[in-house]
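Dear colleague,

I am handing over the structure we spoke about, with its sequence, and below it you will find my notes on what turned up in it. Please read them with the model open beside you.

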Amino acid sequence: MGRCYRHLIAWQKAIKFVTQIHEVTRRFPSEERYGLANQLRRASVSVTSDIAEGQARLSQKEGHHFLSPARGSLVEIETQLLVARDLKYLQPTKIDALFAAADELGRALSGLLASIKNRAA
């Protein structure tokens, strides 16, 4: 599909988001180490991995196929963050910052999807 995945803005934003998720989940209670914290971390890594794998595919159709799960993982993260908020694991200001980062990443993913769709047309 072309360029290296590391040059994609969506991938760069996703990498930063992984770091943010890891930083906040370090403060979760120890009983959540293999529960909610682990789910959040795995889903955030999944976003970056799906973007990279999609970029490595040989066709636009295959590339597009991997971006859909990336968006799904992002929505999964948002849902899990709401659970963390309700369980009082995260302060509202931290949730707001993470949701802003997720929105920005979502827009970058949408732009990448549109770009692939335009090249296929």
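Confidence and overall form

Among the elements of the chain, helix H1 has the highest mean pLDDT, at 97, while H3 has the lowest, at 90. Please keep in mind throughout that this is a predicted model, although the chain averages a pLDDT of 91, and 95% of the residues score at least 70.

The chain contains 4 helices and 0 strands, so that, read from the N terminus on, its elements run α-α-α-α. Along its principal axes the C-alpha trace spans about 45 × 25 × 20 Å. The radius of gyration is 15 Å, which agrees with the value near 14 Å that a compact globule of 121 residues would have. Among contacts between residues at least 6 apart in sequence, 73% join residues that are at least 24 apart. Buried residues make up 39% of the 121 residues, and the accessible surface comes to about 7100 Å², of which 52% belongs to carbon and sulfur atoms.

The nonpolar core

In soluble globular proteins, nonpolar side chains tend to be buried together. Here the largest nonpolar core has 33 residues, and those that touch the most other members are Phe17, Phe28, Ile51, Ile77, Leu81 and Leu90. Two or more residues of this core are given by each of helix H1 (9–25), H2, helix H3 (60–86) and H4, and the largest share, 10 residues, comes from H4.

Helix H2

H2 has 21 residues and reaches 30 Å from its first C-alpha to its last, close to the 30 Å expected at 1.5 Å a residue. Its buried residues include the nonpolar Leu36, Leu40, Val47 and Ile51, but also Ser44, Thr48, Asp50 and Gln55.

Two of these residues deserve a closer look. Isoleucine 51, which is among the core members that touch the most others, is in contact with Leu8, Ala10, Trp11, Ala14, Leu67, Ala70, Leu109 and Leu112, leaving aside its neighbours within four places in sequence. Threonine 48 is placed in helix H2, residues 36–56, and counts as buried because its relative accessibility is 6%, where buried means under 20%. Not counting residues up to four places away in sequence, threonine 48 touches Trp11, Ala14, Ile15 and Val18; Trp11 and Ala14 also appear among the contacts of isoleucine 51.

Helix H3 and the loop that follows

H3 has 27 residues and reaches 40 Å from its first C-alpha to its last, close to the 39 Å expected at 1.5 Å a residue. Its buried residues include Phe66, Leu67, Leu74, Ile77 and Leu81, together with Ser73, Glu78 and Gln80. Glycine 63, also found in this helix, is buried, with a relative accessible area of 0%, and its C-alpha lies 7.8 Å from that of isoleucine 116, although the two are 53 residues apart in sequence. Glutamine 60 lies in helix H3 as well, but it is partly exposed, with a relative accessible area of 28%. Glutamine 60 and histidine 7 are likewise 53 residues apart along the chain, yet their C-alpha atoms are separated by 17 Å.

What is the sign of phi at lysine 88, the residue found in the loop between H3 and H4? Most residues other than glycine have a negative phi. For lysine 88, however, phi is near 70°, a positive value in a residue other than glycine. Lysine 88 is also exposed, with a relative accessible area of 71%.

Helix H4

Is arginine 107 buried or exposed? Arginine 107 has its place in helix H4, residues 92–120, and counts as exposed because its relative accessibility is 57%, where exposed means over 50%. Its C-alpha is 8.4 Å from that of alanine 10, with the two positions 97 residues apart in sequence numbering. Alanine 10 is also one of the residues in contact with isoleucine 51.

With best wishes

Notes. Residues are numbered from 1 along each chain as its sequence is written. This is a predicted model: local features need pLDDT of at least 70, side-chain atom pairs count only at pLDDT 80 or more; totals for chains, interfaces and linings use all residues. Side-chain values use heavy atoms; hydrogens and water are left out. Buried means under 20% relative accessible area, exposed over 50%, partly exposed in between (1.4 Å probe, protein chains only). Contact means heavy atoms within 4.5 Å. A nonpolar core is a set of buried Ala, Val, Leu, Ile, Met, Phe, Trp, Tyr and Cys residues joined through side-chain atoms within 4.5 Å. The expected span of a helix is 1.5 Å times one less than its number of residues. pLDDT is the predictor's confidence in each residue, from 0 to 100. The radius of gyration is taken over C-alpha atoms; the globule rule is 2.2 Å times the number of residues to the power 0.38. Accessible areas come from the Shrake-Rupley method with a 1.4 Å probe; for residues, only the protein chains shown count as cover.
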